[in-house]
Amino acid sequence: MTTTALITGANKGIGFEIARQLAERGVTAVVGARDDERGRAAAERLGQPYVLLDVTDEESVQAAAKWIEREYGRLDVLVNNAGVAGGWPPEPNPSATPASTLREVYETNVFGVVTVTNAMLPLLRRSEAGRIVNVSSELGSISLALDPETPFWENNLLAYNSSKSALNMVTASYAKELRDTPIKVNACTPGYCATDLNGHTGYRTAEQGAVIAVRLATLGADGPTGAFLSEDGPLTW
Ligand SMILES: NC(=O)c1ccc[n+]([C@@H]2O[C@H](COP(=O)([O-])OP(=O)(O)OC[C@H]3O[C@@H](n4cnc5c(N)ncnc54)[C@H](OP(=O)(O)O)[C@@H]3O)[C@@H](O)[C@H]2O)c1
């Protein structure tokens with residue numbers, strides 16, 4: 001039976017790579033994108049299906065869920081990858097960051113994930129092995145942020161970092177609710193990858209960044225749930 005995955009924000013960057021690597025493994029990787037032209041172009045390059053999906057737009061998310069139900073009857077994997085930084089370069093000081101920037105970033109990185117997850121859950125419950133992968137960041141780790149010995153100490157980005165901390169708790173919360181089901185819910189960090197999000201300043205490639213998300217998307221029944229992982233293993237929350 002074919003495995004069907006939905007990857008949000010899959011028209012470029014790490015999301016595109018997650019879709020590409022899942023498709024390479026024989027998964028039907030539905031490219032979710034908020035822009036019709038960019039989404040269709042990416043899906044065409046991958047030879048995979050496409051669905052219009054703006055994670056901040058409830059109607060668009062509901063329409064995408066209906067389309068997936070019609071096409072596939074269920075969903076096996078949801079990768080909540082779509083994310084924004086809140087501008088680049090980001091404001092380095094929390095005291096100079098307006099609350100409106102937090103609202104804007106949370107709309108996509110936190111509320112968007114909840115909207116998409118709630119809409120897709122009925123379809124994931126129909127899968128024998130549902131997997132939810134939330135693409136978080138080391139910058140969301142409060143323990144790392146408070147450790148002056150790590151590079152994360154310097155990156156005191158109020159909106160982005162706190163949105164990923166919130167996403168980590170969102171991950172833990174869903175994992176707890178779904179612990180008695182076959183659905184596993186995990187967060188991952190791709191590492192610092194050169195993409196549009198950070199003006200291509202990262203030292204890893206999007207291809208490398210996608211590896212851990214793909215691993216969590218294809219976890220076996222003995223895999224973890226409620227975990228926060230990089231390619232090298234568990235991360236401190
Ligand atoms: N790059 C890194 O170093 C790094 C490190 C840690 C975590 N991450 C996380 O990795 C994920 C992917 O980021 P990336 O580096 O690949 O960035 P990217 O190249 O900027 O890609 C972001 C993707 O998200 C999409 N998106 C943004 N808002 C959306 C919305 N409202 N609805 C649907 N799609 C939306 C973008 O679509 P458009 O093309 O339409 O804008 C794009 O496809 C993000 O969650 C990011 O926080 C990245």
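**Figure 1. Helix 4 packs against helix 6 at an angle of about 20°.** In this predicted model, helix 6 covers residues 158-177, and its axis runs 8 Å from that of helix 4. Angles under 35 degrees count as roughly parallel, and helix 4 and helix 6 are therefore roughly parallel to each other. Their crossing is right-handed. To follow the contact along helix 4, look for Thr101, Leu102, Val105, Tyr106, Asn109, Val110, Val113, Val114, Thr117, Asn118 and Leu121. On helix 6, the partners are Leu158, Ala159, Tyr160, Ser162, Ser163, Lys164, Ala166, Leu167, Val170 and Tyr174. Sorted by character, the residues of this contact give 14 nonpolar, 6 polar and 1 charged.

**Figure 2. Helix 1 meets helix 7 at an angle of about 55°.** Here you can see helix 1, residues 13-24, beside helix 7, residues 206-217, with the two axes 8 Å apart. Helix 1 and helix 7 are therefore oblique to each other. Helix 1 passes helix 7 in a right-handed crossing. From helix 1, the contact takes in Gly13, Ile14, Glu17, Ile18, Arg20, Gln21 and Leu22. Helix 7 contributes Ala206, Glu207, Gly209, Ala210, Val211, Ala213, Val214 and Ala217. Together, the residues of this contact comprise 9 nonpolar, 3 polar and 3 charged.

**Figure 3. Helix 1 also packs with helix 2, at an angle of about 30°.** Helix 2 spans residues 36-46, and the axes of helix 1 and helix 2 lie 10 Å apart. That angle makes helix 1 roughly parallel to helix 2. The two helices cross in a right-handed way. In this view, Phe16, Ala19 and Arg20 of helix 1 meet Ala42, Arg45 and Leu46 of helix 2. Of the residues in this contact, 4 are nonpolar, none are polar and 2 are charged. If Arg20 looks familiar, that is no accident: Arg20 is listed in the contact of helix 1 with helix 7 and again in the contact with helix 2.

**Figure 4. The ligand sits among 29 surrounding residues.** The closest of them are Asn11, Arg34, Asn81, Tyr160 and Thr195. You may recognise Tyr160 from the contact of helix 4 with helix 6. Several oxygen contacts are worth finding. A backbone N or O atom of Asn81 lies 2.7 Å from an oxygen atom of the ligand. For Arg38, a polar side-chain atom is 2.8 Å from a ligand oxygen. Asn198 likewise places a polar side-chain atom 3.2 Å from an oxygen atom of the ligand.

**Figure 5. A cis peptide bond joins Trp88 to Pro89.** Zoom in on the backbone here, where omega is near -5°. Pro89 belongs to the loop that links strand 4 (77-80) and helix 4 (99-124). Helix 4 is the helix shown packing with helix 6 in the opening view.

**Figure 6. His200 has a positive phi, of about 60°.** His200 takes this value although it is not a glycine. To find His200, follow the loop between strand 6 (184-188) and helix 7. Helix 7 is the partner of helix 1 in the oblique pair.

Conventions. Residues are numbered from 1 along each chain as its sequence is written. This is a predicted model: local features need pLDDT of at least 70, side-chain atom pairs count only at pLDDT 80 or more; totals for chains, interfaces and linings use all residues. Side-chain values use heavy atoms; hydrogens and water are left out. Axes are lines fitted to C-alpha atoms, for helices over the stretch in contact, and angles run from 0 to 180 degrees between N-to-C directions. Helices (H or I, at least four residues) and strands (E, at least two) are DSSP runs, numbered from the N terminus. Angles under 35 degrees count as roughly parallel, over 145 as roughly antiparallel, 65 to 115 as roughly perpendicular and the rest as oblique. A crossing is left-handed if the near helix is turned anticlockwise from the far one by less than a right angle, and right-handed if clockwise. Contact means heavy atoms within 4.5 Å. Ala, Val, Leu, Ile, Met, Phe, Trp, Tyr, Cys and Pro count as nonpolar, Asp, Glu, Lys and Arg as charged, and the others, Gly among them, as polar. A residue is near a molecule or strand if one of its heavy atoms lies within 4 Å of it. A polar contact is a pair of N or O atoms within 3.5 Å; within protein, one must be able to donate a hydrogen and the other to accept it, and residues adjacent in sequence count only if both atoms are side-chain atoms.
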